[in-house]
Each structure stands twice: as C-alpha cells, then as structure tokens.
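Biologist: Got a minute to go through this one with me? I'd like to start with the loops.

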Amino acid sequence: MSCRLIVLYYSRHGATRSLAQQIARGIESIDGCEALLRTVNEIESGDDPLDPIITLDELKNCAGLAMGSPVWFGNMAGALKHFWDKTTPLWLAGDLIDKPACVFTASSSMHGGQETTLQSMMLPLLHHGMLILGIPYSEPALHATRSGGTPYGASAVTTHQPRTLSQDEIALAQQAGKRLARCARQLKEL
C-alpha cells in the first residue's frame, strides 16, 4: 500500500526548499512512503519554480502534508496564504479531515518569528480538520540546536553564507518527515 505525502513549500532564497528536501528524505526513509515536493504560484511574477505547482486534486488525495514557508514578518508568505484561500472546496467536502500534517520554516535570525510563522501555518490546517504533529523533545537535536528547530516544527536560521543547513536542522527536518510518514501510514492501515 503506497502512502503518498505532499511536502508543500514556498521559498524565495532556497532555505525553505532545503528544509523541504530534508523532510522528503525523512518521509522516504519509511517503507511504503513517497514524498512529492510541491510549491505554490507566485502572486507577482517571479522565477520559474524548481518543483511542480500543487493542485487541489493532489492535496485532496495525499495521505499527509508537510507545509513550509519562510518567515515574513512573523507570518507565512503571502503566496502560500493565497493558495490556502482557494481550498474552500476541499474544506466544504472535508477532504483533509484526520490527515496528519506538520509545518516548517526558515528565518534570517534566531528570533525572527519562527514560532509565530509555524503557528500561522497551523491555522488553515486546523480549520481543515488535519492532525497537527510537532517535534517531541525526545529528539536529542531539539535540546542541542543553536540554530533552528522547535517543538512546533522544523526550522532553520539562514544567516550563514552559503545558505546551508546545520546538522541539527537536517536531523530535525528528517525526523519531522519520518514522524509524519509513520503517522500517515498507520492511519492509512486503519
């Protein structure tokens, strides 16, 4: 039984996409689970996306969702919010109810609004009836990190150049993906 999970993100400078890739690695390390990297349309004209644009049908049919955005003034990016504003048909039909989800983010400073951004992304997921997963403190990297990572979700601080993830950020993103995949697979087997 294949368990397909969406890793949906918006990324302007690449850090959020790097986290998305690590979450996808975590998902795919779980037997029977597949990660689909997807992004959203720009509101204004921009570069061509590196990954396919998500469709409502893909979201409807996924077994679980990881969603990520850079921190924009302590909130999710407008392009990601714009996408969720168009998901009313899925909400009316209850298509996402009881599907597991997690969130992730990247900021340019340690106190740049990571936790409020993670919480802002949870709101539409809660309205859709999704089951929100965080990162439990049983993950050793959550205690040791000096860059990114919160119990609300995976995160990264991208002050360093080139914008590479720390080992803790990678470990926590992969663990978030693994936890999401395990939960999605268990729910699918019910």
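Modeller: Sure. Phe-73 sits in the loop between strand 3 (64–70) and helix 3 (78–84). Keep in mind that this is a predicted model.

Biologist: Is Phe-73 buried or exposed?

Modeller: Phe-73 is exposed, because its relative accessibility is 89% and the cut-off for exposed is over 50%.

Biologist: And the backbone there, what's phi of Phe-73?

Modeller: Near 55°, so to speak on the positive side, and Phe-73 is a residue other than glycine.

Biologist: What about Asp-98, what sign does its phi have?

Modeller: Positive, about 70°, and Asp-98 isn't a glycine either.

Biologist: Where is Asp-98?

Modeller: Asp-98 is in the loop between helix 4 (88–93) and strand 4 (100–107).

Biologist: How accessible is Asp-98?

Modeller: Asp-98 has a relative accessible area of 49%, so it falls under the over-50% mark for exposed and counts as partly exposed.

Biologist: OK, new topic. Where does His-128 go?

Modeller: His-128 is in a loop too, between helix 5 (114–127) and strand 5 (131–132).

Biologist: Buried or exposed, that His-128?

Modeller: Buried: the relative accessible area of His-128 is 6%, and buried means under 20%.

Biologist: Which residues does His-128 touch?

Modeller: Leaving out residues up to four places away in sequence, His-128 touches Trp-84, Thr-87, Leu-90, Trp-91, Leu-96 and Ile-97.

Biologist: Which side chain makes a polar contact with the side chain of His-128?

Modeller: That's Thr-87, with the two side chains in polar contact at 2.9 Å.

Terms used. Residues numbered from 1 in each chain as written. Predicted model: local features only at pLDDT ≥ 70, side-chain atom pairs only at ≥ 80, totals over all residues. Heavy atoms only, no water. Helix = DSSP H or I, 4+ residues; strand = E, 2+ residues; numbered from the N terminus. Buried < 20%, exposed > 50% of the residue type's maximum accessible area, 1.4 Å probe, protein only. Polar contact = N/O pair within 3.5 Å; in protein donor to acceptor, adjacent residues only side chain to side chain. Contact = heavy atoms within 4.5 Å.
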